[in-house]
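Biologist: Let's go through this chain together, one question at a time. Keep the answers short, please.

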Amino acid sequence: MADLVMAAMTPHNPLLWRAMRDPVPDDLKPVAANFARIRDAVEKHRLDALIVIGTDHLRQFYYENSPAFVIGTAASYHGTWQNEVRTFGMEYCEVPGHTGLAEALSGRSLLPEAVDFSISREWRLDHSYVIPLRYVRPALDIPVVPIHTNASMPPVPSAHRFAALGRHVRDAVQAWDAEARVGILTSGHMANDVGGPKTFAGSPDPDFDRSAWEWMRDGDLDAAIAGCLDVDRLSEAGSMTYQYLNAIAALAAMGGRAADHADATPSRFASSPFFLWEEQS
C-alpha cells in the first residue's frame, strides 16, 4: 500500500517570482527560508508522487462552469498562462502527471462517497500550482495530481467539505495498491485582498491570521472548520481569504494533528501561510 508521508501549505503569490531574487530583499528572507524548509522536506521524503491542491483563478474554470472540486487525470500538464508570463515574469513549463494515483483518488468507475469530483483530462495549471512547485521542487520531476478547489467564486464549498476532501485524499492514498511515497502540497492565503481597497496594505485582518495560524499550530481541526463557516467573516478579511480553506484539507489529510512547522510569515504582501506535517520514520 502507498504511504502518505508529508503535507505542506505554501503561499502562491505570483509577485514573489519577480521580487524574491538574489539578493533576496530583507522582508522576503523569511519567506524564502520557509520555502527552502519545505523544499528540503520534499527532498528528504523521496516522493514518488505529489498531490497538488490549489485554486484556479478563473482561467481553466470560469463562472459559466464552476465545479466545486476537479481532479486532473492527464499524463502531463502545461504550466502558466500568457498573462502570468507577461505580468509576473513566470516561465512556461511542463509538469508530469500521475494517472494511476489520479484514478485511485477520483474513482475509476464510481465517484468516491466523500467528494463529487469533476474530471479534467486537459488542464493548463496557473500560478496556484506552478509557484509552489517552482519553489519546493524546481526540477518539476515528481509526477503530480492537481486538484482544483473552488475557493474563489461563490458558492464556495463549506469548510466541512474541504475537511472531507482531505480525509478522502488520505484514505485513498492509503488504500492505493502501489509501493509509493506520496506527499500533499497545497497553496493559498491567510487574510488577503486582491483588487480591493486593502491590496498591498499589509495584512487586511491580523486577527484572522492569528487564529488561522493557531488552528494549524495546535492541530485544532474543529476550530478551523468553525472559524471558516462564516462566509461574511472570510469575505471581510479580504477577497482571496477563502483560499485558506485549502489548509483545512491538508490538516484533515494529516489526521487533524498539529503541524510540525507553522508560520504566518509577514512581508510586504501580507502574511504568508507555511505549514508542514511530516511522518516520522
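Biologist: What share of the residues in the chain is buried?

Modeller: This is a predicted model. The chain has 281 residues. Buried here means under 20% relative accessible area. Buried residues make up 57%.

Biologist: How many helices and strands does the chain have, and what is its radius of gyration?

Modeller: There are ten helices and eleven strands. For 281 residues the globule rule gives 19 Å, and the chain comes close to that, so it is as compact as a globular protein of that length. The C-alpha atoms fill a box of roughly 50 × 45 × 40 Å along the principal axes. The radius of gyration is 17 Å.

Biologist: What part of the contacts comes from residues 24 or more positions apart?

Modeller: Take the contacts with a separation of 6 or more. Residues 24 or more positions apart account for 81% of them.

Biologist: What share of the exposed area do carbon and sulfur atoms supply?

Modeller: The chain exposes about 11,800 Å². Of that area, carbon and sulfur atoms supply 49%.

Biologist: Which element gives the most to the largest nonpolar core?

Modeller: In soluble globular proteins, nonpolar side chains tend to be buried together. Here the largest nonpolar core has 56 residues, and Ile51, Tyr244 and Ile248 have the most contacts inside it. Eight of its residues come from one helix, the element that gives the most: α10.

Biologist: How many residues are in the second core?

Modeller: This core is separate from the one just described. Val5, Leu47, Tyr77 and Cys93 are among its members. It has 40 residues.

Biologist: Which residues is Ile51 in contact with, leaving aside neighbours within four places in sequence?

Modeller: Ile51 is one of the residues with the most contacts inside the largest core. Its partners include Leu101, Leu105, Val145 and Ile147. The list goes on with Val169, Val173, Val182, Gly183, Ile184 and Leu185.

Biologist: Why is helix α5 described as largely enclosed?

Modeller: Helix α5 covers residues 127-136. Its buried residues include His127, Ser128, Arg134 and Tyr135. The helix is largely enclosed by the rest of the structure because the buried count is ten of the ten residues.

Biologist: How many salt bridges does a search of the whole structure find?

Modeller: Side chains of opposite charge can pair when their charged atoms come close. One example is Lys29 with Asp26, at 3.1 Å from N to O. Lys29 is partly exposed at 44% relative accessibility, while Asp26 is exposed at 60%. The search finds 15.

Biologist: How far apart in sequence are the parts that Glu84 and Arg59 tie together?

Modeller: The side chains of Glu84 and Arg59 meet in a salt bridge of 3.2 Å, N to O. Glu84 lies in helix α3 and Arg59 in the loop between β2 and β3, so the pair ties together parts that are 25 residues apart.

Biologist: Is Glu84 buried or exposed?

Modeller: Glu84 sits in helix α3, residues 82-88. Its relative accessible area is 0%. With the cut-off at under 20%, Glu84 counts as buried.

Biologist: Where do Arg257 and Glu279 lie?

Modeller: Their side chains meet in a salt bridge at 3.7 Å, N to O. The pair links distant parts of the chain, 22 residues apart. Arg257 is in the loop between α10 and β10, and Glu279 is in the segment after β11.

Biologist: Which residues make the nonpolar surface patch of about 310 Å²?

Modeller: One member lies in the loop between β2 and β3. That residue is partly exposed, with a relative accessible area of 30%. The patch is made by Leu58, Tyr62 and Tyr63.

Biologist: Which residues does Ser152 touch, not counting those up to four places away in sequence?

Modeller: Ser152 is in the loop between β8 and α6. At 13% relative accessibility, Ser152 counts as buried. Ser152 touches Thr55, Asp56, Leu58 and Gln243.

Biologist: What separates the C-alpha atoms of Thr265 and Glu278?

Modeller: Thr265 is in strand β10 and is buried, with a relative accessible area of 1%. Its contacts include Pro30, Val31 and Asn34. Glu278 is 13 residues away along the chain, and the C-alpha separation is 20 Å.

Key: Residues are numbered from 1 along each chain as its sequence is written. This is a predicted model: local features need pLDDT of at least 70, side-chain atom pairs count only at pLDDT 80 or more; totals for chains, interfaces and linings use all residues. Side-chain values use heavy atoms; hydrogens and water are left out. Patches are made of residues with over 30% relative accessible area and no salt bridge: like charges are joined within 9 Å, nonpolar side chains (Val, Leu, Ile, Met, Phe, Trp, Tyr) within 5 Å. Accessible areas come from the Shrake-Rupley method with a 1.4 Å probe; for residues, only the protein chains shown count as cover. A salt bridge is a side-chain nitrogen of Lys or Arg within 4 Å of a carboxyl oxygen of Asp or Glu. Helices (H or I, at least four residues) and strands (E, at least two) are DSSP runs, numbered from the N terminus. Buried means under 20% relative accessible area, exposed over 50%, partly exposed in between (1.4 Å probe, protein chains only). A nonpolar core is a set of buried Ala, Val, Leu, Ile, Met, Phe, Trp, Tyr and Cys residues joined through side-chain atoms within 4.5 Å. Contact means heavy atoms within 4.5 Å. The radius of gyration is taken over C-alpha atoms; the globule rule is 2.2 Å times the number of residues to the power 0.38.
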